[in-house]
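Work through the exercises below with the structure open beside you, and try each task before reading its solution.

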Amino acid sequence: DTAIDWAQVRADFPLLTRQVHGKQLIYFDSANTGQKPESVIAAVDDFYRHHNANVSRAVHALGTEATDAYEGARNKLAKFLNVRGDELVLCSGTTFALNLVAYSWALPRLQPGDAIVLTRMEHHANIVPWQLVAQRTGATIKVAELNERGELDLPQLYSLLTAEVKLLSLTHVSNVLGTVNPVREICREARKRGIVTAVDGSQAAPHRALDISAIGCDFYAITGHKMSGPTGTGALWARREHLAAMPPFIGGGEMIKEVRFEGTVFNDPPHKFEAGTPNIAGFIGLGAAVDYLSALGMHHVEAREQALLAHATEELSKVEGLRIFGRPADKAAVISFLVEGAHAHDLATLLDLEGVAIRSGHHCAHPLMQHFGVPATCRASLAFYNTHDEVEAFVAALRKVRKLLA
Ligand code: PMP
């Protein structure tokens with residue numbers, strides 16, 4: 001993608017200039033958490049330096065500034081996702097967002113005999129909350145499986161969508177395989193059958209232009225720290241009718257209109273779900289991240305990452321004994337792999353000494369590891385701020401450390 005000066009873009013990320021173990025850092029762990037541009041760091045710094053106050057409580061100037069900036073960030077994020085601001089609950093991340101659906105939507109509704117459908121490629125954050133709900137309600141969980149390319153087996157998935165299924169919750173993009181699921185088509189099929197849908201967008205929002213309204217889901221969860229924003233920020237988008245019908249998950253200040261010991265009147269959504277002092281500076285930082293990504297253009301981000309992915313896949317495929325997990329037709333820039341005769345953690349540890357940061361382990365996806373029959377994989381995940389030179393240096397380092405392990 002030549003429309004953008006990617007060297008200039010990379011220079012916006014101060015951390016990427018550092019060294020580790022005396023080597024220039026190559027950060028290939030963006031699916032775990034993304035690095036932050038100067039503008040995001042500056043926005044957080046500016047808030048604490050010049051505007052710090054609590055939101056929605058004080059009439060003084062700083063209180064108004066903080067509230068305006070926080071609500072401004074909500075509106076920026078809403079625009080970025082093509083949804084309404086009053087349908088966007090700000091929270092600490094996808095984990096909280098999915099738990100909010102589990103506890104406020106599912107727990108009061110599900111009964112013995114009901115079923116929840118999940119997929120084999122879910123992150124634990126989209127499995128464990130449903131298990132907790134299933135235990136309490138007597139509902140059961142059914143699992144959609146994968147084909148040999150690491151894509152959802154759609155006919156099998158649709159065969160699971162029977163009358164007792166009340167909810168389908170699935171990831172938009174796999175954090176392990178990079179598989180991009182056709183969520184629009186899947187949500188349409190679920191909706192036809194009256195099944196409510198929740199989509200985990202943790203790994204989609206950082207990499208693709210998102211139009212949540214066009215997906216046709218009921219709930220969509222995102223996490224800010226993977227999309228150039230601060231940690232502890234995220235959001236749940238939900239259809240207005242769900243937010244209106246759902247009881248609050250956490251009680252406290254900010255989420256009420258009037259509190260009496262005889263009973264409390266809750267605030268309107270989304271505030272009803274935002275008890276207590278939020279991560280104000282974090283969301284202002286996330287607003288700056290959204291500005292940054294919007295200025296770049298998500299179609300440019302996607303094209304850049306696809307070029308890096310193609311390059312990395314080609315180079316890795318030449319490494320003898322290296323197996324890449326999943327070959328989906330539509331894939332984000334995440335590559336899980338193993339090298340014959342080498343443990344994932346040993347590879348990652350030796351690569352770290354070469355300055356290369358990749359993740360090794362189960363990637364919070366035990367059921368997917370069970371599917372492949374391995375305890376762990378190595379995962380290189382790329383972002384638009386990475387370079388083709390880094391791809392080459394990574395593969396050269398991999399060849400070197402592999403010899404040490406052989
Ligand atoms: N779902 C997926 C697909 C993820 O990759 C992650 C983060 N690894 C999460 C959920 C959880 O996100 P968070 O920890 O930010 O809540």
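UniProt positions are given here in the numbering used for this chain, and such annotations may be inferred rather than shown by experiment. The model is a predicted one.

**Exercise 1. Find the residues that UniProt lists for "domain: Aminotransferase class V", and describe the chain over that range.**

Solution. The unreviewed UniProt entry lists residues 26-394 for this domain. Over residues 26-394 the chain is 40% helix and 18% strand. As a last step, compare the two ends of the range, whose C-alpha atoms are 7 Å apart.

**Exercise 2. Describe how helix α2 and helix α10 cross, and which residues make the contact.**

Solution. Begin with the axes: those of α2 (residues 38-51) and α10 (residues 280-296) come within 8 Å and cross at roughly 145°. The crossing of these two helices is right-handed. On the side of α2, the contact is made by Ser39, Val40, Ala43, Val44, Phe47 and Tyr48, while α10 contributes Ala281, Ile284, Gly285, Ala288, Ala289 and Tyr292. Sorting these residues by class gives 10 nonpolar, 2 polar and no charged residues.

**Exercise 3. Decide whether helix α4 is enclosed or not by the rest of the structure.**

Solution. The cut-off needed here is that a residue is buried if 20 or more other C-beta atoms lie within 10 Å of its own. By this criterion 12 of the 13 residues of α4 (residues 94-106) are buried, and the helix is therefore largely enclosed by the rest of the structure. Among the buried residues are Phe96, Leu98, Leu100, Val101 and Trp105, and also the polar-named positions Thr94, Thr95, Asn99 and Ser104.

**Exercise 4. Classify valine 176 and alanine 329 as buried or exposed, and place each one in the chain.**

Solution. Valine 176 lies in the loop between β7 (165-171) and α7 (183-192). With 27 other C-beta atoms within 10 Å, valine 176 is buried. Leaving aside residues up to four places away in sequence, valine 176 touches Met121, Ser336, His363, Ala365, Leu368 and Arg379. Its C-alpha atom is separated by 7.3 Å from that of isoleucine 335, although the two residues are 159 residues apart along the chain.

Alanine 329 belongs to the loop between β13 (322-325) and β14 (334-339). Because alanine 329 has 8 other C-beta atoms within 10 Å, it is exposed. From alanine 329 to phenylalanine 28 the distance is 22 Å, C-alpha to C-alpha, across 301 residues of sequence.

**Exercise 5. Locate the backbone features at proline 270, asparagine 82 and cysteine 364.**

Solution. Take the proline first: the peptide bond from proline 269 to proline 270 is cis, with omega near 5°, and proline 270 is found in the loop between β12 (263-266) and α10.

Asparagine 82 has a positive phi of about 55° although it is not a glycine, and its place is the loop between α3 (61-81) and β4 (88-91). Asparagine 82 has 14 other C-beta atoms within 10 Å, so it is partly exposed.

Cysteine 364, likewise not a glycine, has a positive phi of about 55° and sits in the loop between β16 (359-361) and α13 (366-372). Its 17 C-beta neighbours inside 10 Å make cysteine 364 partly exposed.

**Exercise 6. Which residues come nearest to the ligand, and how do the residues of the shell divide by class?**

Solution. Of the 14 residues around the ligand, Gly93, Thr95, His123, Asn175 and Thr223 come nearest. The shell divides into 2 nonpolar, 11 polar and 1 charged.

Technical notes
Residues are numbered from 1 along each chain as its sequence is written. This is a predicted model: local features need pLDDT of at least 70, side-chain atom pairs count only at pLDDT 80 or more; totals for chains, interfaces and linings use all residues. Axes are lines fitted to C-alpha atoms, for helices over the stretch in contact, and angles run from 0 to 180 degrees between N-to-C directions. Helices (H or I, at least four residues) and strands (E, at least two) are DSSP runs, numbered from the N terminus. A crossing is left-handed if the near helix is turned anticlockwise from the far one by less than a right angle, and right-handed if clockwise. Two residues are in contact if their C-beta atoms, placed from the backbone, lie within 7 Å. Ala, Val, Leu, Ile, Met, Phe, Trp, Tyr, Cys and Pro count as nonpolar, Asp, Glu, Lys and Arg as charged, and the others, Gly among them, as polar. A residue is near a molecule or strand if its C-beta atom, placed from the backbone, lies within 6 Å of it.
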